[in-house]
Amino acid sequence: MSAFKSDFLRTMSERGFIHQTSDDAALDQLFAKETVTAYIGFDATAKSLHAGSLIQIMMLHWLQQTGHRPIALMGGGTSMIGDPSFKDEARKLLTPQDIEANLVGIRRNFAPYLNFGDGAGDALMVNNADWLMGINYVNFLRDVGRHFSVNRMLAFDSVKLRLDREQSLSFLEFNYMILQAYDFVELYKRFGCRLQMGGSDQWGNIVNGIDLGHRMENAQLYALTTPLLTTSSGAKMGKTASGAVWLDPELLSPYDFWQYWRNTEDADVGRFLKLYTTLPMAEIARLEALGGAEINDAKKVLATEITALLHGRQAADQAGETARKTFEEGVTAETLPSIEVPRAQLESGIGILALFVSAGLAASNGEARRHVQGGAARLNDQPVSDDKRVVTLQDLSPEQAVKLSLGKKKHILVRPV
């Protein structure tokens, strides 16, 4: 369906969020005539979500902005198992304490994007542990399990892939899709939720929920999935060589978050502006049309707008200014990420390799040595050619810091305390 009448689906379509829906026309009609409650599930497998989840969070943001009610479903129950979809092996099982600690962190990720509360249009944060942890197994098998065909479950790509590779799929994991389907039914019963959204890898799980809702409640439920995103070069969204691009400022600074988006590949700029910012489509079209060196201006706007949504406008502007001073003026910016080392260590001297490891710019002395030998390591903007170089108080800048750099884009200030 090309032309949607409802604001939400029209926004989703023009910004590139839609991969597949279970029924374009019926879903569009539903959004056009009533306030729709929709949800996306997030399992608590880490202390924060990363940039790979931003597309889902932005869907919930636009849902609320167009007058509908989003539910962020926390997987306090399903995280006890872990989603096996398209995984080569079973996830590490988490303790209830691990999951609760992760949930505390993940809840903070949503605050900049959604308005939570008890009003008709306010977002809800719900934990599926509220109903899954109290399930009576025999009753669940009789009331829910009887609606699932093992033959059909085995045919889903997420399961078939593991079995075709002759990789183990435990009975525990096999149950995950039943629990996710049951979540949809529970959210329909409790909150009138009619739509589940997610990545295209969740299509089979969502369709299971639609079918279960029809069988158990005679309800008409819907599915909407997004494309599975990679960069133009094929890299996964939200992951870099040095780790995940976390949404929590305690795990990744606003500056490093800004830098991740500033380094977007040229071919991805327009697509990312549509998906990850709230800029008007006309402004995005203007930025998307920039070519040559001007594409860097578009990348700076992209980085600033995405960072402003998550960390606030002031932090985003500060990150942009720090980058400008660092790269365009070649000065040590006070707002660069920094680490502290005991002054006594600098008095006696710290080996350059150990300092790169302490700063998180290398995983080991061996990796740091390779950076030095490859010409990528710099100390106070000067190349380091000697891997036995010792850093002392004499290397401190007037700002009382030592600046370590890896390549042109990774910089850390080392401050004595």
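Which residue in β15 is the bridge partner of V341? The search for it leads into one of the sheets of this structure, which is a predicted model.

Five strands make up an open sheet of mixed pairing, and their order is β9-β15-β14-β11-β12. At its edges lie β9 (338–341) and β12 (382–383), each of which pairs on one side only. The neighbour of β9 is strand β15 (residues 410–416); the two run parallel and are joined by four bridges. Within this pairing, V341 has P416 of β15 as its bridge partner, which settles the opening question.

A second region to examine is built around strand β5 (residues 195–199). All five of its five residues are buried, so the strand is largely enclosed by the rest of the structure. In a regular strand, side chains alternate between the two faces of the sheet. Strand β5 has pairing partners that can be followed in turn. Strand β2 (residues 37–43) pairs with β5 in the parallel sense over two bridges, and A38 has L195 in β5 as its bridge partner. Strand β6 (residues 222–226) also pairs with β5 in the parallel sense, here over five bridges. In this case M197 is matched with L224 of β6 as its bridge partner. How are β5 and β6 linked with helix α11 (residues 203–217)? Together, β5, α11 and β6 make a β-α-β unit, and this unit is right-handed.

The helices may be considered next. Helix α15 (residues 295–311) has 17 residues, which at 1.5 Å a residue should span 24 Å; its end C-alpha atoms are 24 Å apart, so the expectation and the model agree. The helix is mostly covered, since 12 of its 17 residues are buried. Among these buried residues are I295, A298, L302 and I306, as well as K299, E305 and H311. An α-helix has 3.6 residues a turn, so residues three or four places apart point the same way. Just after α15 comes G312, which takes a positive phi of about 100 degrees.

Finally, a single residue of another helix repays attention. T11 lies in helix α1 (residues 7–14). Is T11 buried or exposed? Its relative accessibility is 11%, and because buried means under 20%, T11 counts as buried. Apart from neighbours within four places in sequence, T11 is in contact with W62 and T66.

Key: Residues numbered from 1 in each chain as written. Predicted model: local features only at pLDDT ≥ 70, side-chain atom pairs only at ≥ 80, totals over all residues. Heavy atoms only, no water. Buried < 20%, exposed > 50% of the residue type's maximum accessible area, 1.4 Å probe, protein only. Pairing = 2+ DSSP bridges. Right-handed = clockwise from strand over helix to strand, strands pointing away. Contact = heavy atoms within 4.5 Å. Expected span 1.5 Å × (residues − 1).
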